[in-house]
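Dear colleague,

I am passing on the structure we spoke about, together with some notes on what turned up in it. Please open it beside this email and follow along as you read.

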Protein chains: 2
Amino acid sequence: MALATPDIRSVGLPLNGRKAKPDLPEKDFDRRMAMVLEHASRIFCEKGYEGASMRDLSRASGMSLAGLYHYFESKEELLYLIQKHTFTTIVERLRERLEGCSDPEERIRTFIHNHLEYSLANKEAMKVLTHEDDTLKNERGAEIAAIKREYYRICLDLLEDLRRSQGLQFSGRLAVLSLFGMVNWIYTWHNPRIDPHAVAMAAQMGDFFLHGVLYAAKPKRKASKARA
Amino acid sequence: MALATPDIRSVGLPLNGRKAKPDLPEKDFDRRMAMVLEHASRIFCEKGYEGASMRDLSRASGMSLAGLYHYFESKEELLYLIQKHTFTTIVERLRERLEGCSDPEERIRTFIHNHLEYSLANKEAMKVLTHEDDTLKNERGAEIAAIKREYYRICLDLLEDLRRSQGLQFSGRLAVLSLFGMVNWIYTWHNPRIDPHAVAMAAQMGDFFLHGVLYAAKPKRKASKARA
DNA sequence: TAGACATTCGAACGAACGTTCGGTCAGCTC
DNA sequence: GAGCTGACCGAACGTTCGTTCGAATGTCTA
């Protein structure tokens, strides 16, 4: 619970037009920036973006209020950087993992495992990503939304590959969004002391999800007798 | 998208010590209060609790800023009333529906149907309930948390009934929380123009969830070969 | 008709907000 | 050692926040 997102490093973006000096100082700047971003993730996670003040971030990071503005042009940029780094990292790792994996069912398990592993190792950044989903506006909001669509698309493609390979019929949209619901909800309840860790959770949720999709798709016995 | 929560009426709580006058005025007060609560749901849904100001609520409800404080003692009480009414209504309706239904599988379908029907008919209040889950503190927060535990408990019991009746083995906790994830995530994506309505969605998600639970529990063919 | 009470509002309160200003200080180059 | 630059900060900016006050209405009872 203490600290997460232990890996925000060299976010790599326009920043405020830093120039490449010979050796060190660039690294110093990035490391300091990453340090503040980690604290900011924690505070945004605890109090929400609107509920957290720049003074809270100042206190948490040990830097003066004005000092923060040497690294970030606004509070909104802080949120943007956290979300962008978190999301691009997940997508990046997923792409790498999918490369060495061709079985449709296995690829979906890979998706789930990747998502859960990152989520549970970076709970705070993950909560900021999902909880402040529609907080960013304009260009910054559009950019995050684009990554989100990309992530959705990857998962949808995985499911449609499975559907084709098994000759099934089901709504890919509903399946993807159900899966997203399952895995994005975890941050609200996961307790490392009583719940399984990433690998075991991914296996269970994978079983669960795949059996749901595979068996609900081709009705063998008692299909939908829905009413209630 | 315009307005939801069309049924906040006579919330029935201590209030600020209203006394029962002969006939009408009590009703007037409640109706006016409910009107403000509906607008508040919409604004909290759009801008978040922290992001919404009392001036926003004043503008939306057409009542002066000071006038609001005749009906509510604080901004926090507004959130509390919205959450409490939403949650108790869901639980109430669920209990009624479960009374005329004994088959374990059917009871779980009833749970899903009840949740989805209310969710889709009251999207804004539902988002306020789930998105501001840990915003309330102290007594008010504890009271909402208690209802939430009750709701969780009901669902867990339904699943354990199913497990017992079918002689299965699976983690009730993981199943309940996966189901909650699926249904509580809906508010982030459901589009009434392209997605099914409550009954059809409940049927599909019910199929999906029940097959996942039933088949993943007793591994018949290719169970968990998890890795990734 | 007087008085009590519910309803509503304009105006203001002090506190907190995000951001900016002007400055100090260390380290570097010439 | 003068001049520049990046890192950082105290103090303040103007605005907005949740809430309160005092007064003005209308409505009902005695």
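**A covered helix, and its neighbour in chain A**

In helix H6 of chain A, the buried residues are Glu124(A), Ala125(A), Met126(A), Lys127(A), Val128(A), Leu129(A) and Thr130(A). That makes H6(A), which runs over residues 123-131, a mostly covered helix, with 7 of its 9 residues buried. Please keep in mind throughout that this is a predicted model.

Helix H5 of chain A is worth looking at next, since the buried residues of H5(A) pack against H6 of chain A, and also against helix H4 (75-99), H7, H8 and H9 of that chain. Among the buried residues of H5(A) are Ile108(A), Phe111(A), Ile112(A), Leu116(A) and Leu120(A), but the list also includes Arg109(A), His113(A), Asn114(A) and His115(A). H5(A) has 18 residues, and from its first C-alpha to its last it reaches 26 Å, which is close to the 26 Å expected at 1.5 Å a residue.

**Chain A as a whole**

What kinds of elements does chain A have? Chain A has 9 helices and 0 strands, so that, read from the N terminus on, its elements run α-α-α-α-α-α-α-α-α. Of the 228 residues of chain A, 38% count as buried. If you take the contacts in chain A between residues at least 6 apart in sequence, 72% of them join residues that are at least 24 apart.

**How the two chains are related**

Chain A can be laid on chain B by a turn of 180° with a shift of 0.0 Å along the axis, and the RMSD is then 0.0 Å. The two copies are therefore related as by a two-fold rotation axis. Among the residues of chain A, the one that comes closest to this rotation axis is Gly212(A), whose C-alpha is at 1.8 Å.

The contact between the copies takes 35 residues from chain A and 35 residues from chain B. On the side of chain A that touches chain B, the elements giving two or more residues are helix H5 (104-121), helix H8 (172-184) and helix H9 (198-217) of chain A, and H9(A) gives the most, with 12 residues. Sorted by class, this side of chain A has 16 nonpolar, 14 polar and 5 charged residues. Because 100% of the interface residues of chain A are also interface residues in chain B, the copies meet through the same surface.

**The nonpolar core**

In soluble globular proteins, nonpolar side chains tend to be buried together. In this model, the largest nonpolar core has 114 residues, and those with the most contacts inside it are Phe44(B) and Ile82(B). The largest share of this core, 12 residues, comes from helix H9 (residues 198-217) of chain B. Which residues does Phe44(B) contact, leaving aside its neighbours within four places in sequence? Phe44(B) is in contact with Tyr49(B), Ala52(B), Leu79(B), Ile82(B) and Val128(B).

**The two DNA strands**

There are 18 residues around DNA strand C, and the closest are Ser53(A), Ser64(B), Ala66(B), Gly67(B) and His70(B). The surface near strand C draws at least two residues from each of helix H2 (54-61) and H3 of chain A, and from each of helix H1 (25-47) and H3 of chain B. By class, the residues of this surface divide into 9 nonpolar, 5 polar and 4 charged.

Around DNA strand D there are 20 residues, of which Ser64(A), Ala66(A), Gly67(A), Ser53(B) and Ser74(B) come nearest. Here at least two residues are supplied by each of helix H1 (25-47) and helix H3 (65-71) of chain A, and by each of helix H2 (54-61), helix H3 (65-71) and helix H4 (75-99) of chain B. The surface near strand D has 10 nonpolar, 5 polar and 5 charged residues.

**An unusual backbone angle**

Most residues other than glycine have a negative phi. Asn138(A), however, has a positive phi, near 55°, and is not a glycine. Asn138(A) is placed in helix H7 (residues 138-166) of chain A. Is Asn138(A) buried or exposed? Asn138(A) is exposed, because there are 8 other C-beta atoms within 10 Å, and 12 or fewer count as exposed. In chain B, Asn138(B) likewise has a positive phi of about 55°, and Asn138(B) lies in helix H7 (residues 138-166) of chain B.

With best wishes

Methods. Residues numbered from 1 in each chain as written. Chains lettered and ligands numbered in written order. Predicted model: local features only at pLDDT ≥ 70, side-chain atom pairs only at ≥ 80, totals over all residues. Near = placed C-beta within 6 Å. Helix = DSSP H or I, 4+ residues; strand = E, 2+ residues; numbered from the N terminus. Nonpolar A, V, L, I, M, F, W, Y, C, P; charged D, E, K, R; others polar. Least-squares fit on C-alpha atoms with pLDDT ≥ 70 in both. Contact = placed C-beta atoms within 7 Å. Buried ≥ 20, exposed ≤ 12 C-beta atoms within 10 Å, placed from the backbone. Core = buried A, V, L, I, M, F, W, Y, C linked by C-beta atoms within 7 Å. Expected span 1.5 Å × (residues − 1).
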